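Work through the exercises below with the coordinates open. Each task is followed by a stepwise solution.

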Protein chains: 2
Amino acid sequence: MSEAEVTSNGNFSRGENGRTEGESHIDVDIADEQNLLLAVAFVYDAQYNRNIHFETSPEAVRLYYFYNHWLMQVATYFFITVDLLLAVFEEPAVFPLPFLATSIVEVLCLLAFFGRLVHFSKVTPLSIFWKDTKNICVMVTIGLNLIDLIIYGALSIAEIQSVRWSRVLRPIYLINFAESRQIRRAFRSIRNTLPEIMYVFLLFMFSVLLFSLMALQLLGKRNLKTAEGEPYFANYLDVVFNLYVLVTTANSPDVMMPAYDHNPWYAIFFIAYIILNTYIFMSVFLAVVYNNYRKHLKNEIRKLAYMKRRKMVDAFNTLKVKVGSEFVIKEDKWKMLVKLVAPDISNSHRELLLRVSDEEQNGYVGKDAFIRLADLLNIKVITMKTRKHPLESWMPHVYKSAWSRFIRRVVQHKGFVYAYDGIILVNAIFIALDESNPLISNAEWVFLAFYLVEILLKLYTYDPRSFFAKNQFWNWFDTLIIVAALIATIMNTSLKSVGQYSSQQVLDIVFIIRVLRLIRIIDSIQRFRVIMNTLLNILPTMLTFSGLLIAIYYVFAIVGMEIFSGKIRFFPENSTDPYAQECGTSALKDSAFAKSKYCKNNFNDLGSAFIVLVELTVVNQWHVLANGFSLVTHTAARLYFIAFHIVIVILIINIFVAFILEAFFVEYSLEKSEVETAIEKKIQELGMAVQEDAPPENLVENMESCETDAGTFGETTQKGLMFRIASKRYRTVDALLQRMFEAEIPPGDEGPPIEDIVNLSPNDLYIHNPTFDTAA
Amino acid sequence: MSEAEVTSNGNFSRGENGRTEGESHIDVDIADEQNLLLAVAFVYDAQYNRNIHFETSPEAVRLYYFYNHWLMQVATYFFITVDLLLAVFEEPAVFPLPFLATSIVEVLCLLAFFGRLVHFSKVTPLSIFWKDTKNICVMVTIGLNLIDLIIYGALSIAEIQSVRWSRVLRPIYLINFAESRQIRRAFRSIRNTLPEIMYVFLLFMFSVLLFSLMALQLLGKRNLKTAEGEPYFANYLDVVFNLYVLVTTANSPDVMMPAYDHNPWYAIFFIAYIILNTYIFMSVFLAVVYNNYRKHLKNEIRKLAYMKRRKMVDAFNTLKVKVGSEFVIKEDKWKMLVKLVAPDISNSHRELLLRVSDEEQNGYVGKDAFIRLADLLNIKVITMKTRKHPLESWMPHVYKSAWSRFIRRVVQHKGFVYAYDGIILVNAIFIALDESNPLISNAEWVFLAFYLVEILLKLYTYDPRSFFAKNQFWNWFDTLIIVAALIATIMNTSLKSVGQYSSQQVLDIVFIIRVLRLIRIIDSIQRFRVIMNTLLNILPTMLTFSGLLIAIYYVFAIVGMEIFSGKIRFFPENSTDPYAQECGTSALKDSAFAKSKYCKNNFNDLGSAFIVLVELTVVNQWHVLANGFSLVTHTAARLYFIAFHIVIVILIINIFVAFILEAFFVEYSLEKSEVETAIEKKIQELGMAVQEDAPPENLVENMESCETDAGTFGETTQKGLMFRIASKRYRTVDALLQRMFEAEIPPGDEGPPIEDIVNLSPNDLYIHNPTFDTAA
């Protein structure tokens with residue numbers, strides 16, 4: 001006999017002695033315990049959508065727990081970040097460090113990645129491990145990085161200048177480590193879209209080349225001059241580049257003006273070109289990317305849904321016992337399992353889930369009900385309690401006095417909100433006015449006082465615990481901003497009074513906080529709040545894109561630094577360098593690049609390179625940048641900029657737009673899921689539902705997870721316990737899509753075996769006849 | 001007894017004597033004839049999706065035929081065009097005409113519009129006529145136009161300068177005359193989207209204002225200078241304008257550079273701004289517009305579908321007779337009806353439709369089958385015949401000789417296509433080379449000869465009638481281009497040899513044709529052909545947008561001409577005007593507008609105004625244009641440009657993108673409709689199907705519509721008649737959507753009464769639970 005405890009983070013520890021009180025007291029024999037651990041791992045994976053196929057031997061399961069431990073994951077991310085950030089310290093560096101230092105850190109990172117890989121190979125069956133391209137990919141990358149490091153080191157000892165070419169491979173770690181599933185999916189989506197977009201792109205390039213040929217024939221021999229006095233459309237490659245830039249609209253209308261000045265009818269040529277290549281083709285790119293994105297997203301979601309079901313079935317099979325003619329899981333096992341899987345939910349919440357899973361209170365849970373467990377656990381049920389305001393308990397006389405009641409009524413009145421909206425607007429005007437006027441700078445204190453009083457009044461009226469509940473985003477936001485503003489303003493004033501010196505950084509922060517305070521006004525208008533909530537919902541998945549973007553930017557930044565670093569330099573205004581106005585090189589004399597004062601747009605370190613790439617993403621003036629860099633290096637340098645444009649603007653931005661469109665449509669077409677409805681029905685049945693429009697005054701979120709009640713609802717209702725399902729804003733687009741797919745698999749369908757699930761292709765998807773809803 | 005003939009265009013004529021042969025011989029009494037005419041009008045409307053509610057009195061039906069006559073429609077469009085084009089001749093004019101001339105033409109147009117309206121009021125029930133806002137709208141506009149004309153005329157006699165303000169109302173005729181249903185729908189779609197987009201726009205503007213406040217606080221007091229040496233972010237309105245321009249990306253990265261040069265960390269501010277306002281908000285605009293577009297499109301389609309069904313039911317009720325227990329339409333009536341509705345389809349085609357409608361050959365058509373008639377008529381069935389090549393009939397010995405057979409085999413071989421692809425590529429290189437070399441200019445004759453030989457060979461191999469069949473787009477294209485090139489080249493050469501003078505216009509046309517010839521290569525590559533077909537499919541509906549755009553451009557152009565005309569002038573290069581370099585005004589000295597040589601971008605006539613508006617639509621450099629015009633008039637002039645940007649870029653372009661996305665998805669999710677399947681099944685049953693992959697050599701489209709066969713298929717099959725359903729490329733997105741909706745209405749459902757159909761709102765749409773297919 002032994003006691004098993006699996007903590008909330010899934011790491012496994014065994015206590016030799018010392019029983020925990022209440023239900024946590026678990027008595028199982030070793031086989032049972034191992035089965036339970038295995039089932040917990042399965043349910044865990046199902047709940048968090050991990051699709052790792054792990055071995056079921058006790059040793060592997062233990063290693064698997066360790067593999068998924070948050071510390072291991074944080075460590076992996078840490079090493080990935082360090083490895084990527086090495087570029088900040090390597091030549092050309094923001095902060096130069098000796099090669100020895102960076103190479104030691106790099107070797108450490110590589111070791112960590114290798115260790116992680118070895119760990120993974122112990123968890124998963126070897127046959128699957130070696131079939132997985134991402135493992136091979138990481139291994140090869142580690143090898144290449146090492147080889148490059150050794151060669152570069154040897155050559156630098158021999159004082160031969162060489163290139164650290166393997167640095168472009170570093171983002172592979174970011175993409176390929178199992179934790180970054182979302183980034184990998186975005187990458188797969190791009191890879192899958194490539195063939196189809198390729199044909200449209202070729203057609204598009206064909207049209208550009210054809211129009212260029214026409215332009216050369218029509219305009220090349222007219223001896224026209226551009227606004228800078230250079231020959232207009234003089235040779236074919238020049239025409240192609242100019243017209244390609246016109247697709248991005250960056251040189252419109254300049255590229256048209258000489259021809260238009262010569263003869264107004266030539267404008268038709270350019271208008272036709274823009275309509276076809278900028279508007280129609282760019283929309284077609286979006287359509288193709290979006291269509292593929294949807295198709296592959298569906299497939300990915302289907303895989304996840306099947307995988308989840310598979311894992312739940314495996315968990316069920318591990319724990320099942322025969323009762324009568326069917327296999328079930330006994331109530332006590334079920335409770336143990338849930339306690340281990342989700343240790344931080346309250347007893348009453350667990351009891352509620354049991355009621356939903358075991359409708360008829362038979363004392364056991366059937367297979368279909370058990371499979372829903374992962375979804376049940378994913379629904380955020382908030383347990384609430386009716387409580388008195390702390391002040392009411394502390395000094396009931398004062399709190400219940402007529403004055404106190406009057407204050408509370410005022411605060412709850414709509415006029416209170418309007419009054420503060422007015423104050424914010426006045427505040428906005430004061431911010432825009434001149435700071436140097438002492439009246440205005442002192443007004444800041446008045447506003448701060450107003451805001452502080454507001455928060456205090458609200459805390460007086462509403463229970464502080466409900467005011468600072470997890471889902472009260474705006475209350476948290478307000479309080480943080482006001483406290484920060486208070487601290488920063490006091491700091492600023494004291495710095496000023498002490499040393500007659502006002503720190504620019506502190507002042508900047510004060511300014512920013514002061515303006516951020518105005519955002520509050522959004523929350524007063526219902527329609528704005530809805531849009532904001534949708535945006536906040538999309539945010540987490542949007543962050544996936546930053547991962548994707550960083551990976552691609554990083555590759556281009558490293559390549560750009562190798563090609564362009566040091567060619568263009570920035571000089572401060574009072575520099576004495578003879579070429580200070582030409583970015584330190586005579587090649588840029590009289591160029592648009594130098595005239596626009598773009599010298600700071602260079603590839604001399606990682607930070608600058610990223611900013612240039614952002615400017616290129618925004619597209620405008622990218623031809624000026626491209627021409628500038630091609631003047632200081634070679635005309636072929638333009639290819640680098642065209643490649644970047646194709647990858648980022650035609651692929652990535654379109655995927656981003658596709659993603660936002662999809663997310664919005666899912667948000668719009670949203671309804672409650674079956675599982676949610678089941679829980680809600682049960683809550684209603686038990687008479688423990690919170691009225692949506694009830695004032696939250698006295699209902700406080702129940703944070704205690706270890707009440708000692710054994711689970712009869714009679715007691716809990718007496719204690720004033722209520723349940724509420726958390727609002728929409730906590731749902732991710734992914735989860736919503738998955739739910740929709742699940743609604744379409746019949747309950748009995750366990751899906752294909754696990755090896756097949758991984759290889760499902762979008763073409764296997766059962767294609768429904770298009771319906772009116774699907775299409776329009 | 002009398003004979004009725006309704007021609008294909010729906011106009012009604014009655015012959016006093018002279019019977020037509022065969023089945024066109026129709027003997028009906030007057031009531032029957034009137035019923036038939038009424039039914040024809042109903043079926044016509046159903047087939048072409050007209051949703052006009054007309055009165056059923058014989059007089060009204062006759063007027064209705066006249067109302068729908070193509071001459072009347074062409075006349076309406078003609079007057080609309082003339083009315084719109086008046087702006088070309090009115091001050092500020094491209095071709096000035098005296099006020100008297102333009103006002104007489106305008107009065108004529110107004111009379112025509114009024115007449116059209118009166119005609120319509122006779123056709124439709126008066127209660128419905130007066131409830132329809134578009135009629136009221138047109139009437140008010142006519143009144144306003146007249147009043148304006150009189151006031152302006154009176155004032156100009158008294159030599160007082162005034163404004164022709166009512167000219168901005170002219171596009172109302174384009175929108176509101178019943179023929180431009182598609183444009184009206186696009187406008188309705190915009191109007192319906194407005195409230196929802198308004199909230200997002202306010203939130204977006206709020207964010208711009210907030211960021212501007214922050215920028216003013218952070219950067220306004222640093223005494224920074226822009227690249228032009230002007231103060232940077234000096235006052236709030238200036239900051240707001242600059243940051244609004246940054247949303248359009250037109251002044252990126254220039255607006256960032258001074259701050260970035262001062263301190264690299266300020267770049268974060270601008271990057272955050274661009275991510276939020278340019279990328280996220282602009283995508284949200286697209287999402288909101290797209291979502292509304294879909295919602296309202298669905299509603300419109302539903303209205304159309306119900307209206308169509310209603311009209312078919314009305315037609316059925318007009319002609320029905322009782323057979324047994326149910327109402328039906330007799331075969332002879334049905335045939336008469338179809339002959340009148342679609343006089344240009346062949347007898348065998350009509351027979352085929354009858355077989356589909358009257359499955360069991362009972363001699364009558366039931367209600368459900370009859371309702372499908374409108375759809376059946378809309379499916380393009382191509383009747384084909386096996387025929388000999390004309391040369392084969394003419395000189396069989398030569399045509400069947402070994403040599404002739406060899407030539408034909410060569411032409412049919414894949415290598416033949418590849419060889420010509422090679423020739424096209426070589427041609428492309430020659431076009432890009434220098435024309436002055438005599439070798440190269442003579443090569444043109446060689447290429448022309450090659451292309452001519454190709455066409456002749458193909459005509460020799462394939463039947464000319466199948467080579468020039470309606471659906472052989474590329475054959476037509478090739479032949480036209482080659483013939484045009486031949487004519488233009490000969491003209492050019494003869495002009496050159498006669499007068500040593502080569503007309504620039506002819507030369508330009510020769511160049512363009514020469515390049516267009518290269519497009520052929522697209523057809524050789526299957527994947528390109530697919531994309532091209534999709535684009536060609538979308539084209540007709542895309543033209544709707546040109547109508548929409550022209551209406552909006554027109555309004556802005558008229559307003560722009562009133563504000564800006566004459567302020568900026570263009571001078572040819574060798575002008576002696578002291579301000580020639582500053583567009584004729586000292587106000588533009590040293591401005592970016594003058595430096596970029598934008599003087600020709602002005603509002604001095606309708607043509608120039610349209611080109612400026614196109615440039616503003618493309619967005620790039622629009623701040624230079626806006627600043628230029630605000631320098632010569634007033635700073636408030638910027639509002640005009642901002643308004644244009646909001647309307648065109650945020651609304652119209654997004655609707656355009658939404659439309660292309662939708663069209664692509666419908667194309668992708670396409671399958672055969674139920675009705676098509678029914679026809680195809682019947683064709684198969686009769687053994688008259690054309691194999692899709694069969695060589696089209698000997699099958700020729702049958703153009704004769706009046707075969708004398710009475711309709712037994714035995715005869716027709718002996719004559720080698722075959723049927724084929726025309727390919728996808730003739731279907732419009734609208735028709736596809738409508739079909740999808742129809743598939744969802746149960747056959748018995750006749751929909752709500754006609755008055756309710758018009759008022760259906762998208763919120764009445766039955767909302768299905770979202771399914772996986774709908775959402776992802």
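**Exercises on cysteines and a surface patch**

A:Cys583 has a relative accessibility of 0% and so counts as buried. The model is a predicted one.

**Exercise 1.** Find the disulfide that contains A:Cys583 and describe its geometry and placement.

Solution.
1. The sulfur of A:Cys583 is 2.1 Å from that of A:Cys599. The cut-off for a disulfide is 2.5 Å, so A:Cys583 and A:Cys599 are joined.
2. The angle about the S-S bond is -70°, which makes the link of A:Cys583 and A:Cys599 left-handed.
3. A:Cys583 sits in the loop between α25 (526–564) and α26 (592–595) of chain A, and A:Cys599 in the loop between α26 and α27 (606–618), so the bond ties together parts 16 residues apart in sequence.
4. A:Cys599, at 7% relative accessibility, is also buried.

**Exercise 2.** How many disulfides are there over all chains?

Solution.
1. In chain B, B:Cys583 and B:Cys599 form a disulfide with sulfur atoms 2.1 Å apart.
2. The count over all chains is 2.

**Exercise 3.** Explain why A:Cys137 is without a disulfide partner.

Solution.
1. The closest cysteine sulfur to that of A:Cys137 belongs to A:Cys109, at 18 Å, which is too far for a bond.
2. A:Cys137 is partly exposed, with a relative accessible area of 30%.

**Exercise 4.** Which element gives the most to the nonpolar surface patch?

Solution.
1. The patch covers about 670 Å², and its residues include A:Leu100, A:Ile104 and A:Leu146.
2. Helices α4 (99–123) and α6 (133–157) of chain A each give two or more residues to the patch.
3. α4(A) gives the most, with 5 residues.
4. A:Ile104 lies in helix α4 of chain A and is partly exposed at 49% relative accessible area.

How values were computed. Residues numbered from 1 in each chain as written. Chains lettered and ligands numbered in written order. Predicted model: local features only at pLDDT ≥ 70, side-chain atom pairs only at ≥ 80, totals over all residues. Heavy atoms only, no water. Patch = residues over 30% accessible without salt bridge, like charges linked within 9 Å, V, L, I, M, F, W, Y side chains within 5 Å. Areas by Shrake-Rupley, 256 points an atom, 1.4 Å probe, with all protein chains shown as cover. Salt bridge = Lys/Arg side-chain N within 4 Å of Asp/Glu carboxyl O. Helix = DSSP H or I, 4+ residues; strand = E, 2+ residues; numbered from the N terminus. Buried < 20%, exposed > 50% of the residue type's maximum accessible area, 1.4 Å probe, protein only.
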